[in-house]
Amino acid sequence: MHEAATIQVNFLWLIPVFPALGVLFNAFIGPRAGKRAISLVAPGVVAAAFLTGCYAFVRLLSLPPGSALVQRVYPWITAGTLQVDVAFRIDALSAVMVLIVSGVGFLIHVYSVGYMDHDPSYGRYFTYLNLFTLAMLTLVLADNLPLLFVGWEGVGLCSYLLIGFWFSVEANASAGKKAFIVNRIGDAGFLLGLFLLFWNLGSGAHSLSFSEIAAHAKAIPPSTLTAITLLLFVGATGKSAQLPLYVWLPDAMAGPTPVSALIHAATMVTAGVYMIARLHVLFLLAPTTLAVVATIGALTALFAATIGLMQNDIKKVLAYSTVSQLGYMFLGVGVGAFGAGIFHLMTHAFFKGLLFLGAGSVIHGMSGEQDMQKMGGLRTHMPITFWTFLAATVAITGIPGFAGFFSKDEILAQAFGSPHGSPWLWAMGFVAAGLTSFYMYRLLFLTFFGECRADEHARHHLHESPATMTVPLIVLAVLSVVGGYIGLPAFLEPVFGHEAGQLNLTTEHLLMGASILVAFAGLGVAYLFYLVQPGLPWLLAYKVAGLYNLIYNKYYVDELYDLLFIRPTVAVSTWMWRVFDVGVIDGLVNGTAEAVAANSGLWRRWQTGNVQQYAISMLLGAVAILGYYAWR
């Protein structure tokens, strides 16, 4: 971490406090104040957080590059040598994240006002949405690792609440539980890494602030650093849905569509990428871990892209696309190009947020239909949704001039030219780029072009979405076009240092040309398959039925996990419940209680309160005593 100056300020606490006020209002006052008040307060508090973040950003720009704004709010943990504060920091990295989280989050809140208008749990929805924003802002503003972990767990809790928002449907409740449990597996790795880091920081008091971690990093033995960073990366694979812990994210589509946009674009899934970028000092000292991060990222990008080829649920295509794009970000940070990884995180927030909100608009107009095979021809019925969706599609597929081209090309170039990169990593990213182009144009053509395949009921209700939904689409479409022109890697250079990759001009142009060609190749094949010869995909599926079924069924990974982990766990848990819990624990507790009850019942007969019984007892006692003395 390269800091020119650390400036103490006293306003950073306002950024998370605004959404916290929204949570309190929506939960306790909202039900009485009414829907209109909630519609103003919920997006309003996020807008206030965004404006405060803008003010912090402007203050930061007025300082020398590499400076940071810091505020110590109050002492939090004092236990032995551990002394942790609730403290916030804004440097170039966290400033970018705060603006993404609050800016895109605000647009999603506004969109939700229209999308959730008829939902009976309107207030509960915005309570959770504000709470999600609060947790993510805490995560990116934290000045130390324990406070970052609080935000980390907060977004995990909120994802459970929002994915299972319509919990009366069993599938939705199960999806929420799945997300929660898979993330706990990753979080166990995060916690172990945190503990191991604390134990190896040396003697003296430690706050686990990022500045302190950076100062002590080189004193930690390399093997220990590798173990610490690998454990932290396990946490990142859970939160950011990488192999093998990606399985919760496609099922997260069970939540309302704006929630999918918030989780997939601006908040939770980017937390793992941010955490690695924030702790880049540790990861740079652990080249083995960097290689693991880059390999897992490249494999995830390729693996998820293949699944996206054959999904028919419009949200499921975008879900696997998110997993794949997150793989690109991990590929970037894994080859040491942290600025490129965060750059793609930013552009992805624009176009993936737009894609999910556009999909929500389509689903809204189609009366809840999500199957693309039952859509088609929507561009004439929903022109704003179509044009904005087209902008996002062009951006994510890496067509030159749009946001995704700049960030994805930067990652691919670094994957090839960085000392931590290799041609194999670049090749996996390159093939994934071609697949991305194909499945995204497939989605576009099946949804908006050709003849409408909807049933009569859906056709009758086809309509463009209201302004509360289309205005956020337009804003995000503009950002998806111009977002790539922001020189983010250069802005982040004081935090990460200069990106390591060095390519000569010829190689750079060749790689760029290859990226452009593969993007247009995906477009061309999708155009041939779905607009010129729509029978070709079915013929191809028939010719290679085995491979088609394997990919269509998502490589049976869920079934494999069910066989290897879930069923044995359920069987062992059931055995433990019946034999140990009911037989041993309950047996001991209930047996003790029954013994006491039986003993009490015996003695209770002597304490009936009946005078006649007492008199008989005394008489029998007297006879027994007299009999004893007479006998003796």
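**Pockets, salt bridges and a surface patch**

In this predicted model, helix α6 supplies six residues to the lining of the second largest pocket, the largest share from any element. That pocket holds about 470 Å³. Its lining runs to 14 residues, and the ones closest to the centre are Ile181, Val182, Ile185, Phe565 and Ile566. Two elements, α6 and α25 (557–604), each give two or more residues to this lining. By residue type, the lining of the second largest pocket splits into nine nonpolar, two polar and three charged.

The largest pocket comes in at about 640 Å³. A set of 30 residues lines it, with Phe438, Arg442, Phe529, Tyr530 and Pro537 lying nearest the centre. Four elements put two or more residues each into this lining, namely α18 (423–448), α22 (505–532), α23 (536–543) and α24 (545–552). Of these, α22 makes the largest contribution, with seven residues. Sorted by type, the lining of the largest pocket has 22 nonpolar residues, five polar ones and three charged ones.

Back at helix α6 (residues 170–199), one of its residues also turns up in a salt bridge: Arg184 pairs with Glu153, at 3.5 Å from N to O. Glu153 sits in helix α5 while Arg184 belongs to helix α6, so this contact ties together parts of the chain that are 31 residues apart in sequence. Neither partner falls under the 20% cut-off for buried. Glu153, at 25% relative accessibility, counts as partly exposed, and Arg184 gets the label partly exposed at 22%.

Across the whole structure, the search turns up eleven salt bridges. Another of them joins the side chains of Asp85 and Arg72, with an N to O distance of 2.7 Å. Here the link runs between two strands: Asp85 is in β3 (residues 82–90) and Arg72 in β2 (residues 68–79), and the two residues are 13 apart along the chain.

Strand β3 has a further charged contact to offer. Arg89 makes a salt bridge with Asp143, where the closest N and O atoms are 3.0 Å apart. Since Arg89 is in strand β3 and Asp143 is in the loop between α4 (122–141) and α5 (145–163), the pair ties together parts that lie 54 residues apart in sequence. On the accessibility side, Arg89 is buried, at 1% relative accessibility. Asp143 is buried too, with a relative accessible area of 11%. Both values are under 20%, so both residues meet the criterion for buried. The contact is also part of something wider: Arg89, Asp91, Asp143 and Arg278 are linked in a network of salt bridges.

Finally, there is a nonpolar patch on the surface. It is formed by Val572, Trp575, Met576, Val579, Phe580, Val584, Ile585, Leu588 and Val589, and together these residues have about 820 Å² of accessible area. One of them, Val584, lies in helix α25, an element that also gives two or more residues to the lining of the second largest pocket. Val584 counts as partly exposed, at 35% relative accessibility. Patch membership calls for over 30% relative accessible area, so the value for Val584 clears that cut-off.

How values were computed: Residues numbered from 1 in each chain as written. Predicted model: local features only at pLDDT ≥ 70, side-chain atom pairs only at ≥ 80, totals over all residues. Heavy atoms only, no water. Salt bridge = Lys/Arg side-chain N within 4 Å of Asp/Glu carboxyl O. Buried < 20%, exposed > 50% of the residue type's maximum accessible area, 1.4 Å probe, protein only. 1 Å grid on protein atoms, 1.4 Å probe; cavity = no way out; pocket = protein on both sides within 12 Å on 5 of 7 lines; lining within 4 Å. Points joined across faces, edges and corners; volume = space filled by probe spheres on them. Nonpolar A, V, L, I, M, F, W, Y, C, P; charged D, E, K, R; others polar. Patch = residues over 30% accessible without salt bridge, like charges linked within 9 Å, V, L, I, M, F, W, Y side chains within 5 Å. Areas by Shrake-Rupley, 256 points an atom, 1.4 Å probe, with all protein chains shown as cover.
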